[in-house]
Amino acid sequence: MAAKGLGILGSGRGSNCRAILERIRAGDLCAEARVVVSDVVDAGILEIAREFGVSQVYLPPGNFRTRLSTESELALVRILRDSAVELVVLAGFMRVLKRPALEAFPHRILNIHPSLLPRFPGLEAWKQALVAGETVTGCTVHYVDAGVDRGEIIAQREVPILPQDTPESLHERIQIAERQLYPAVIAELCD
Ligand code: GRF
C-alpha cells in the first residue's frame with residue numbers, strides 16, 4: 001500500500017505532531033509526513049519536525065490575527081502541493097483556513113479539537129467544559145470546512161472531568177487522549 005502524504009500545520013508545541021511522527025516511525029501508520037508548516041517562527045512543532053528529519057517551513061501569516069492573509073494562504077497551498085501532500089493535518093494551528101486552502105483540499109483537511117463537538121467550539125474548550133459543570137468532556141477529530149470547529153465529525157474520545165480538576169490538569173488529560181485518537185484516525189483514513 002502506498003503511504004499517504006501528510007502536511008502537518010501547527011502554531012504551538014506540537015505534541016500531537018510528535019505522536020503522529022512517532023507512529024509513522026514505528027511503522028504502524030502508513031503515511032509519510034512530507035512537510036510541517038507553522039505560522040509561528042519559533043514554534044516547538046518546527047523543532048519536532050527537524051528532530052524527525054521532516055522538511056519544515058515557517059509561513060509568515062500576514063497582518064490578520066485569526067486567519068492567514070490571502071497571499072499567505074496561497075503560499076501555503078503552493079507549499080502543500082509542491083510537497084505532494086494528500087491529507088492536511090491541523091495540529092494546534094491557531095488560524096482559520098479560508099477558501100484557498102479549503103478549495104485546494106476539499107474533504108482532505110483534518111482538525112483535532114479538545115471537546116466533544118458540537119459542545120464547546122472555540123478557544124480553551126476544556127475551560128468551557130469545566131465552567132459549565134460537565135462531568136465528561138473529550139476530544140474530536142473532524143473534517144475542516146468554512147465553519148469554525150463545525151465540520152463533519154470523524155471520531156471522538158471521552159475524557160472524565162474529576163472533582164479536583166484544574167483547567168491545566170483537565171487539558172493535560174484531554175491531550176493524552178488526543179495523542180492516541182489522532183494517529184489512530186489518520187491511520188484508518190490512510191487505509
Ligand atoms: C491540542 O490540544 C488541540 O486540541 C488543539 O491545539 C492543541 C495543540 O497541542 N487544536 P499540541 O501543539 O499538539 O501540543
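## The largest pocket

Several elements help to line the largest pocket of this predicted model. Helix 1 (15–26), helix 5 (125–131) and helix 6 (167–190) each give at least two residues to its lining. Strand 5 (109–113) and strand 6 (136–143) each do so as well.

How much space lies in the largest pocket? The value is about 960 Å³. The lining holds 37 residues. Closest to the pocket centre are G92, F93, M94, I112 and L123. Now sort the lining by class. Nonpolar residues number 14, and polar residues also number 14. The other nine are charged.

## The sheet

Seven strands form an open sheet. Their order is 3-2-1-4-5-6-7, and the pairing is mixed. Which strands stand at the edges? They are strand 3 (56–58) and strand 7 (153–160). Each has a single partner strand, so one side of each is left without a neighbour in the sheet. From one strand to the next, the twist averages 20 degrees.

Some background helps here. Strands of a sheet pair through backbone hydrogen bonds, and the pairing is either parallel or antiparallel. Strand 5 and strand 6 run antiparallel. Four bridges join them. Across from H142 in strand 6 stands N111. Both of these strands also supply residues to the lining of the largest pocket.

## The loop between strand 5 and helix 5

Two backbone details belong to this loop. P118 lies in the loop between strand 5 and helix 5. The peptide bond from L117 to P118 is cis. Its omega is near 10 degrees. F120 lies in the loop between strand 5 and helix 5 too. What is the sign of phi in F120? It is positive, near 55 degrees, and F120 is a residue other than glycine.

Why point these out? Most peptide bonds are trans, and most residues other than glycine have a negative phi. Against that background, the bond from L117 to P118 is cis, and the phi of F120 is positive.

## Aromatic rings

How many aromatic pairs does a search of the whole structure find? The search finds zero. One ring does have a charge over it: the charged end of R67 sits over the ring of F64. The distance from that charged end to the ring centre is 3.8 Å.

Methods. Residues are numbered from 1 along each chain as its sequence is written. This is a predicted model: local features need pLDDT of at least 70, side-chain atom pairs count only at pLDDT 80 or more; totals for chains, interfaces and linings use all residues. Side-chain values use heavy atoms; hydrogens and water are left out. Rings of Phe, Tyr and Trp (its six-membered ring) pair if their centres lie within 6.5 Å; planes under 30 degrees apart count as stacked, over 60 as edge-to-face and the rest as tilted. A charge sits over a ring if NZ of Lys or CZ of Arg is within 6 Å of the ring centre and within 35 degrees of the ring normal. On a 1 Å grid over the protein atoms alone, a cavity is a set of points where a 1.4 Å probe fits but cannot get out, and a pocket is an open set with protein on both sides within 12 Å along at least five of seven lines; lining residues have an atom within 4 Å of a point. Grid points are joined across faces, edges and corners, and a volume is the space filled by probe spheres set on the points. Ala, Val, Leu, Ile, Met, Phe, Trp, Tyr, Cys and Pro count as nonpolar, Asp, Glu, Lys and Arg as charged, and the others, Gly among them, as polar. Two strands pair if DSSP finds at least two bridges between them. Axes are lines fitted to C-alpha atoms, for helices over the stretch in contact, and angles run from 0 to 180 degrees between N-to-C directions.
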